[in-house]
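Reader: I'd like to go through the strands and the charged pairs in this one. Can you take me through it step by step?

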Amino acid sequence: MSIASTKVKRCRMSYEKVEEAWKLSEAARDYVKAAGHDVSIQEIFDKVFLPSDLVDVEKTKNEGGNPPKVFLKSPYGLQFRPEYKDWIPFRHGPVTLEPLNLTP
């Protein structure tokens with residue numbers, strides 16, 4: 001594997017993690033649209049975020065804060081924006097890069 005392809009792989013891996021966060025954000029938005037009633041933040045947690053295997057439930061419960069945050073098992077999470085009533089990704093931890101494998 002060349003150094004260039006390793007860098008592409010790292011970028012793709014990081015991109016995939018951000019993309020997972022966006023998909024979970026979209027799932028929350030879709031849930032609210034389909035509900036047909038005012039949806040509380042707690043309902044979104046219960047119906048969308050907590051069932052997801054992407055969510056670090058303990059960290060979310062302990063550090064969720066105000067405005068609410070959902071911590072994923074990756075270095076990313078979702079933060080509620082009250083002014084827009086939506087969830088956007090944020091990075092809560094360091095991105096760990098795999099060591100280069102320079103052997104052919």
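Reader: How many residues lie between E1 and E2 in their hairpin?

Author: Keep in mind that this is a predicted model. E1 covers residues 69–71 and E2 covers residues 76–81, and the two run antiparallel with 3 bridges joining them. Lys 69, for one, has its bridge partner in E2, namely Gln 79. The hairpin these strands form leaves a gap between them of 4 residues.

Reader: And in the E2 and E3 hairpin, which residue in the turn has a positive phi?

Author: E2 pairs with E3, residues 86–91, in the antiparallel sense over 6 bridges. One of the pairings puts Phe 80 opposite its partner in E3, Trp 87. There are 4 residues between the two strands, and the one in the turn with a positive phi, about 55 degrees, is Lys 85.

Reader: Now the charges. What is the N to O distance between Arg 81 and Asp 86?

Author: Side chains of opposite charge can pair when their charged atoms come close. Arg 81 is partly exposed at 26% relative accessibility, and Asp 86 is partly exposed too, at 23%. Their side chains meet in a salt bridge, with an N to O distance of 2.6 Å.

Reader: Which residue does Arg 29 meet in a salt bridge?

Author: The count of salt bridges comes to 2. Arg 29 is partly exposed, at 44% relative accessible area, and its partner also counts as partly exposed, at 41%. The N to O distance is 3.7 Å, which makes the cut-off because a salt bridge needs to be within 4 Å. The partner is Asp 30.

Note on methods
Residues numbered from 1 in each chain as written. Predicted model: local features only at pLDDT ≥ 70, side-chain atom pairs only at ≥ 80, totals over all residues. Heavy atoms only, no water. Buried < 20%, exposed > 50% of the residue type's maximum accessible area, 1.4 Å probe, protein only. Pairing = 2+ DSSP bridges.
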